[in-house]
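Reader: I would like to learn how to read a ligand site and its surroundings. Where do we begin?

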Amino acid sequence: MTTDTTGTVARDGESRPGGPADSPFIRACRRRPGPHTPVWFMRQAGRSLPEYREIRATVPMLESCRRPELVTEITLQPVRRHGVDAAILFSDIVVPVAAAGVDLDIVPGTGPVVAEPIRTAADVERIRPITRDDVWYVDEAVRQLVVELGDTPLIGFAGAPFTLASYLVEGGPSRTHAKTKALMFGDEELWHALCGRLAEVTLAFLRVQIDAGVSAVQLFDSWAGALSEADYRRFVLPHSTAVLSGLVDAGVPRIHFGVGTAELLGAMGEAGADVVGVDWRTPLDVATGRIGPDKAVQGNLDPCVLLAPWPVVEAEVRRILEQGRAAPGHVFNLGHGVLPETDPDVLTRVVALVHELSSRRADQG
Ligand code: CP3
């Protein structure tokens, strides 16, 4: 084991040279130079791929997340097709809360829908702590994937307490998060009890993935951008910190991501991230100024740009790589997930372009 200047324990010393810990992706997360800027895409495994649609044609979403052989196959599909620098586990943010006893489903075209939304202290009690046995299929899939992926790192993930709470309190996706915020502002004690419970479930779920061999984890707080910085700090930061700081000793990089979080980037970094995800609204050099020099950034191509003609895509990729040079480490990604209507060939071309442009820079430098 080695300890870097921020006190983060790295696994590099334990790993064989050329293994995932020495990959361009993990190097960038740790703010170390590498052969090229690594690239992967949020939602790279999913509806933009015909081979994914074929598998899912007969299997409901949650069931596909609970069958290790399907999780393994779907996770590998974008790695084979695009040559991305990292795989992300095929699952969903509601998988651990379903394992914790919440009755929910993922409805096509809508998203997670909860049968009986969580609104009272008794409802919170229905969310049980989870162990490895409750999510055995994730443990098994990660173990298979680590073997199949070889030197390519696997990213584990979970939803952060605020984003999970939003689905559970609203009962489904919401534009305003009105019921969630009503509970948060109206009953602070109940809010903290709910988020405390969700943080426990999330931490346990990420621990299962780390024990099974993932090389990094991403905490998705997709809807945190609905909050002011003051409210984020009061109602959310302590719980996201409980999750991320609970993983310090695990020795894998922690990525923290949200959408519309321009005002929250500093606070999200403070929660205990090694890498902060940035959406397309904030240029990466500006984001780095807000996050500070001791963290890498991930992002931030607008997923809608992928629907434009190639010269537009190319110009945007160049701009983002250039602005990313201001950061001490840059993982190229989208600012949010791949849209289902994206042409997968464009994703493949973006991967090749990021590699080409960033390796040329290394040759010159
Ligand atoms: O990134 C990856 O490729 C890994 C797989 C992944 C999925 N969901 C698969 C999925 C990941 C990382 C997630 C996380 C997730 N799920 C988040 C956080 C990231 C984000 O997008 O902000 C959120 C908010 C969810 C909740 C959720 N699940 C939504 C909003 C939806 C879309 C609903 C729809 O049909 O439009 C889902 C379903 C879902 N999760 C799909 C996939 C591939 C689509 C299911 C299908 O194929 O029908």
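Author: Begin with single contacts. This is a predicted model. A polar contact is a pair of N or O atoms within 3.5 Å. Here, an oxygen atom of the ligand is 3.1 Å from an N or O atom in the side chain of Arg 47.

Reader: Which ligand atom pairs with the side chain of Asp 92, and at what distance?

Author: A nitrogen atom of the ligand does, at 2.7 Å from an N or O atom of that side chain. His 336 also takes part: one of its polar side-chain atoms lies 2.6 Å from an oxygen atom of the ligand.

Reader: How much of the ligand does the protein bury?

Author: Compare the ligand alone with the ligand in place. Alone, the ligand exposes 870 Å². The protein buries 91% of that area.

Reader: Which elements give two or more residues to the shell around the ligand?

Author: Two are listed: α2, residues 50-56, and β5, residues 111-114.

Reader: Which residues come nearest to the ligand?

Author: The ligand has 27 residues around it. Arg 43, Tyr 52, Asp 92, Ser 222 and His 336 come nearest. So Asp 92 and His 336 turn up again, each with a polar contact to the ligand as defined by the 3.5 Å limit.

Reader: What is the make-up of that shell by class?

Author: The shell has 15 nonpolar residues, eight polar and four charged.

Reader: Now the pocket. What takes up the space of the largest pocket?

Author: The ligand does. The volume of this pocket is about 1100 Å³.

Reader: How many residues line the largest pocket, and which are closest to its centre?

Author: The lining has 36 residues. Closest to the centre are Arg 43, Arg 47, Met 61, Asp 92 and Gly 111.

Reader: Which elements give two or more residues to that lining?

Author: They are α2, β4 (104-107) and β5. Of these, α2 gives the most, with three residues.

Reader: And how does the lining divide by class?

Author: Into 22 nonpolar, nine polar and five charged residues.

Reader: Backbone next. Where is there a cis peptide bond?

Author: Read omega for this. The cis bond joins Gly 299 and Asn 300, with omega about -5°. Asn 300 lies in strand β10, residues 296-301.

Reader: What is the phi of Arg 31, and where does this residue lie?

Author: Phi of Arg 31 is near 60°, a positive value in a residue other than glycine. Arg 31 lies in the loop between α1 (24-29) and α2.

Note on methods: Residues are numbered from 1 along each chain as its sequence is written. This is a predicted model: local features need pLDDT of at least 70, side-chain atom pairs count only at pLDDT 80 or more; totals for chains, interfaces and linings use all residues. Side-chain values use heavy atoms; hydrogens and water are left out. A residue is near a molecule or strand if one of its heavy atoms lies within 4 Å of it. A polar contact is a pair of N or O atoms within 3.5 Å; within protein, one must be able to donate a hydrogen and the other to accept it, and residues adjacent in sequence count only if both atoms are side-chain atoms. Accessible areas come from the Shrake-Rupley method with a 1.4 Å probe; for residues, only the protein chains shown count as cover. On a 1 Å grid over the protein atoms alone, a cavity is a set of points where a 1.4 Å probe fits but cannot get out, and a pocket is an open set with protein on both sides within 12 Å along at least five of seven lines; lining residues have an atom within 4 Å of a point. A molecule sits in a cavity or pocket if more than half of its atoms lie within 2 Å of its grid points. Helices (H or I, at least four residues) and strands (E, at least two) are DSSP runs, numbered from the N terminus. Ala, Val, Leu, Ile, Met, Phe, Trp, Tyr, Cys and Pro count as nonpolar, Asp, Glu, Lys and Arg as charged, and the others, Gly among them, as polar. Grid points are joined across faces, edges and corners, and a volume is the space filled by probe spheres set on the points.
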